[in-house]
Amino acid sequence: MRFGLRDPAPPVSVAAWRELARKRLPDMAWQYIESAADDGLTRSENETGFARWRLRQRSLAGVSAPRMSVEMAGQSLALPVALAPTGAAGISHWTGDIAATCAAEARGTRAVISTAASYTLEEIARATDCDHWFQLYPFGDRGPVQRLMARAAAA
């Protein structure tokens, strides 16, 4: 019995979100998400690089109408960020790439769809209203790569 107690507040730090995800995801999904390619050097350098940055709140700084919008790759976005490609996003939740792409779109930005997406390019395109971007892993033969690029352009 709960006696009217509220649910705990949502996590507010990356570490807290990671802890929550670890508790909820199956081991295979967690290991995939937590892993890094090759020797992990890029991941380590990214973490070190981002750790050097701090967000500083500036109240009453004379900006009466802040503007976060930006033009990126010829598209006007409400936010100066895009959702990075995540292969096999469907292993963490069945809605995977579609939900992530819809969420990016709802916030006025775009997603970069991974070559290893859990849904087809066409399924993602049908679920969204805006054009998003595609990350290509140019593997092997040029023929399949060119067909994949044509599908991405059509979708």
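Start with Arg22 and Asp27, whose side chains meet in a salt bridge with an N to O distance of 2.8 Å. Both ends of this pair are partly exposed: Arg22 has a relative accessible area of 34%, and Asp27 has 45%. Keep in mind that this is a predicted model, so read every distance here as a property of that model.

That pair has company, as the structure holds six salt bridges. Side chains of opposite charge can pair when their charged atoms come close. Another one of the six joins Arg18 to Glu34, at 2.4 Å from N to O. Arg18 sits in helix α1 (residues 14–24) and Glu34 in helix α2 (residues 27–34), so this bridge ties together parts that are 16 residues apart in sequence. The two partners differ in how much solvent they could see: Arg18 is partly exposed at 38% relative accessible area, while Glu34 counts as buried at 18%. The pair is also part of something wider, since Arg18, Glu34, Arg43 and Glu47 are linked in a network of salt bridges.

For a more local case, look at Glu19 and Lys23, whose side chains form a salt bridge at 3.5 Å, N to O. These two residues are four apart in helix α1, which puts about one helical turn between them. Glu19 is partly exposed, with a relative accessible area of 47%, and Lys23 counts as exposed at 63%.

Now zoom out to the whole chain. Its secondary structure comes to six helices and four strands, and reading along the sequence gives the pattern α-α-α-β-β-α-β-α-β-α. How does the radius of gyration compare with that of a compact globule of 155 residues? The chain has 19 Å, whereas such a globule would be near 15 Å. Along its principal axes, the C-alpha trace spans about 60 × 45 × 35 Å. Of the 155 residues, 19% count as buried. As for how the chain contacts itself, take the contacts with a separation of 6 or more: residues 24 or more positions apart account for 48% of them.

Helix α4 (residues 96–106) is a good place to look at burial in detail. Its buried residues are Gly96, Asp97, Thr101, Ala104 and Glu105. Seen down the axis of α4, these fall within an arc of 150°, so they line one face of the helix. What do the buried residues of α4 pack against? The partners are β3 (112–113) and α5 (121–127). Just after α4, Gly108 takes a positive phi of about 85°.

Asp97, found in helix α4, deserves a second look. This residue is buried yet has no salt bridge, and the nearest side chain of opposite charge, that of Arg151, is 11 Å away. What, then, is Asp97 in contact with, leaving aside its neighbours within four places in sequence? The list is Thr86, Ala89, Ala117, Ser118, Tyr119 and Ile124.

Next, the cysteines. A disulfide is a covalent bond between the sulfur atoms of two cysteines. In this model the count of disulfides comes to zero. Cys102 is in no disulfide, and the nearest cysteine sulfur, that of Cys130, is 10.0 Å away. From the other side, the sulfur of Cys130 has its closest cysteine sulfur in Cys102 at 10.0 Å, which is too far for a bond. Cys102 is partly exposed, with a relative accessible area of 28%, and Cys130 is partly exposed too, at 29%.

Finally, a couple of backbone details for anyone who likes to check torsions. Ala73 has a phi near 55°, a positive value in a residue other than glycine. The residue lies in the loop between β1 (70–72) and β2 (75–77), and Ala73 is exposed, with a relative accessible area of 66%. Ala88 also has a positive phi, about 55°, although it is not a glycine. Its place is in the loop between β2 and α4, and at 23% relative accessibility Ala88 counts as partly exposed.

Conventions. Residues numbered from 1 in each chain as written. Predicted model: local features only at pLDDT ≥ 70, side-chain atom pairs only at ≥ 80, totals over all residues. Heavy atoms only, no water. Salt bridge = Lys/Arg side-chain N within 4 Å of Asp/Glu carboxyl O. Buried < 20%, exposed > 50% of the residue type's maximum accessible area, 1.4 Å probe, protein only. Disulfide = S-S within 2.5 Å. Arc of directions from axis to C-beta. Contact = heavy atoms within 4.5 Å. Lys, Arg positive; Asp, Glu negative; His and termini not counted. Rg over C-alpha atoms; globule rule 2.2 N^0.38 Å.
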